[in-house]
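Work through these short exercises with the structure open beside you. Try each task before reading its solution.

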Amino acid sequence: MDKKRRNFLRLFSLGVLGFLTYGAFKNLTSLSSPPPKKVIVLFEEIEKAKDILFKENFIVMKTGSNFKVFSRKCPHLGCLLNYSPEEALIVCPCHQSKFNLSGKFLSGPAKKDLTTYNYRLNSQGLEVEVF
Ligand code: FES
């Protein structure tokens with residue numbers, strides 16, 4: 001193999017290696033920091049849901065004139081939580097962890113309270129932004 005060809009193959013290999021390394025690094029950084037997600041919850045949606053609304057990965061509750069926003073993902077393994085009207089509790093369908101309507105852990109393997117989120121009020125409803 002002549003010297004020019006070897007140099008070309010060496011440079012080409014380095015280029016391919018650099019491209020693959022960049023792609024792997026870019027995927028790792030995008031996994032560790034997902035982009036912010038914004039969800040709009042309209043006042044009429046909350047009223048229609050009778051003060052507890054499950055929207056995307058959020059639980060929105062109206063308590064008097066205030067609101068609380070929780071993650072709908074169970075702190076145990078991430079199953080989507082449901083509302084049990086008979087018990088007036090938030091319940092995980094996977095391993096039966098239970099939370100009260102303030103997001104406090106009551107029983108089951110989750111062992112943690114629900115994650116709460118801040119929100120901004122606008123004229124139509126709530127804007128919930130998750131980072
Ligand atoms: S995922 Fe909810 S209790 Fe296990």
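**Exercise 1. Classify Arg 120 and its salt-bridge partner as buried, partly exposed or exposed.**

Step 1. The model is predicted. Start with Arg 120. Its relative accessible area is 45%. Buried needs a value under 20%, and exposed a value over 50%. Arg 120 is therefore partly exposed.

Step 2. Find the partner. Arg 120 makes a salt bridge with Glu 127. The closest N and O atoms are 3.6 Å apart, and the cut-off is within 4 Å.

Step 3. Classify Glu 127. Its relative accessibility is 18%, so Glu 127 counts as buried.

**Exercise 2. Find how many salt bridges the whole structure holds, then examine the one between Glu 87 and Lys 98.**

Step 1. Take the total. A search of the whole structure gives 4 salt bridges.

Step 2. Check the distance. In the pair Glu 87 and Lys 98, the closest N and O atoms lie 2.6 Å apart.

Step 3. Locate both ends. Glu 87 sits in the loop between β5 (82-84) and β6, while Lys 98 belongs to strand β7, so this salt bridge ties together parts 11 residues apart in sequence.

Step 4. Classify both ends. Glu 87 has a relative accessibility of 37%, so it is partly exposed. Lys 98 has a relative accessible area of 23%, so Lys 98 is partly exposed too.

**Exercise 3. Describe the salt bridge between Lys 104 and Asp 113.**

Step 1. Give the distance. The side chains of Lys 104 and Asp 113 meet at 3.3 Å, N to O.

Step 2. Classify Lys 104. With a relative accessible area of 44%, Lys 104 is partly exposed.

Step 3. Classify Asp 113. With 36% relative accessible area, Asp 113 is partly exposed.

**Exercise 4. State what is notable about the phi of Glu 56 and of Gln 96, and say where each residue lies.**

Step 1. Recall the background. Most residues other than glycine have a negative phi.

Step 2. Read the angles. Glu 56 is not a glycine, yet its phi is positive, about 50 degrees. Gln 96 is not a glycine either, and its phi is positive at about 60 degrees.

Step 3. Place them. Glu 56 is in the loop between β2 (52-55) and β3 (58-63). Gln 96 is in the loop between β6 (89-91) and β7 (98-99).

Step 4. Add accessibility. Glu 56, at 44% relative accessibility, counts as partly exposed. Gln 96, at 45%, also counts as partly exposed.

Methods: Residues are numbered from 1 along each chain as its sequence is written. This is a predicted model: local features need pLDDT of at least 70, side-chain atom pairs count only at pLDDT 80 or more; totals for chains, interfaces and linings use all residues. Side-chain values use heavy atoms; hydrogens and water are left out. Helices (H or I, at least four residues) and strands (E, at least two) are DSSP runs, numbered from the N terminus. Buried means under 20% relative accessible area, exposed over 50%, partly exposed in between (1.4 Å probe, protein chains only).
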